[in-house]
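Colleague: Please take a close look at the salt bridges of this model, pair by pair. What can be said about the residues involved, and how do they sit in the rest of the chain?

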Amino acid sequence: MNELTFISTHLSFLVEIIKKLETQNMLLSESFCLISELEEKINIIPGPKGATLKTKLNDIFSKNKGLKILSKINKVLLGEMEAVELDEVLLGETEAVELELLRPKYFNNFQICQYKRIVKKKFKI
């Protein structure tokens, strides 16, 4: 299976999920539903490329401390976890960050977007 066929067959859902995640004022629980949907769809991709994607996604999730914190906050909001348990997690400095789209680049007729992190506000928890 060539690369374009693989992408169109197994990864076409990414565009829709990314657009939904970019929505402003979305509930945290809605965002995590989309992330769960992404994880489920990546996990059913067959073959060695599917295994590679699963590994990369797990690496991204395991290294993303902010996502872990937000996941725990979401669980508290949904009543699945006690707020007291959050104290251990919410120590340290957190940033409110916005991404700014930089000049898009093209590679083999695919648009590759680069983003610049803009720290809007730092605060201690």
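Modeller: A residue is called buried when its relative accessible area is under 20%, exposed when it is over 50%, and partly exposed in between. With that scale, K49 can be placed: its relative accessibility is 32%, so K49 counts as partly exposed. Keep in mind that this is a predicted model.

The structure holds 3 salt bridges, and K49 belongs to one of them, with E3 as its partner. Their side chains meet at 3.1 Å, N to O. K49 is part of helix α4 (residues 47-63), whereas E3 is part of helix α1 (residues 3-10). The two residues are 46 apart in sequence, so this pair ties together parts that are distant along the chain by that number.

Next comes the pair E16 and K20, whose side chains meet at 3.0 Å, N to O. Both residues belong to helix α2 (residues 13-21), and because they are 4 residues apart there, about one helical turn separates them. Neither end of the bridge is buried. E16 has a relative accessibility of 47%, so it counts as partly exposed, and K20, with a relative accessible area of 33%, is partly exposed too.

The remaining bridge joins K41 to E37, with the closest N and O atoms 3.2 Å apart. Helix α3 holds both residues; they are 4 residues apart, about one turn of the helix. K41 stands at 29% relative accessibility and therefore counts as partly exposed. E37 stands at 25%, which also puts E37 in the partly exposed class.

Helix α3 has another role, as part of the wall of a pocket. The second largest pocket has a volume of about 230 Å³. Its lining is made of 14 residues, and the closest to the pocket centre are F32, I35, S36, S71 and K75. Helix α3 (28-43) and helix α5 (65-77) each supply at least two residues of that lining. The largest share comes from α3, with 6 residues. By type, the lining divides into 6 nonpolar, 4 polar and 4 charged residues.

Helix α5 also holds N74. Its relative accessible area is 8%, and because the limit for buried is 20%, N74 is buried. Leaving out residues up to four places away in sequence, N74 touches L28, S29 and F32. F32 has already appeared above, as one of the residues closest to the centre of the pocket.

Now for the chain around these details. There are 5 helices and 4 strands. From the N terminus on, the order is α-α-α-α-α-β-β-β-β, and the three bridges lie in the helical part: α1 with α4, within α2 and within α3. Of the 125 residues in the chain, 16% are buried, and N74 is one such residue. The chain exposes about 9,800 Å², of which carbon and sulfur atoms supply 57%. Among contacts between residues at least 6 apart in sequence, 43% join residues at least 24 apart.

How values were computed: Residues numbered from 1 in each chain as written. Predicted model: local features only at pLDDT ≥ 70, side-chain atom pairs only at ≥ 80, totals over all residues. Heavy atoms only, no water. 1 Å grid on protein atoms, 1.4 Å probe; cavity = no way out; pocket = protein on both sides within 12 Å on 5 of 7 lines; lining within 4 Å. Points joined across faces, edges and corners; volume = space filled by probe spheres on them. Nonpolar A, V, L, I, M, F, W, Y, C, P; charged D, E, K, R; others polar. Buried < 20%, exposed > 50% of the residue type's maximum accessible area, 1.4 Å probe, protein only. Contact = heavy atoms within 4.5 Å. Areas by Shrake-Rupley, 256 points an atom, 1.4 Å probe, with all protein chains shown as cover. Salt bridge = Lys/Arg side-chain N within 4 Å of Asp/Glu carboxyl O.
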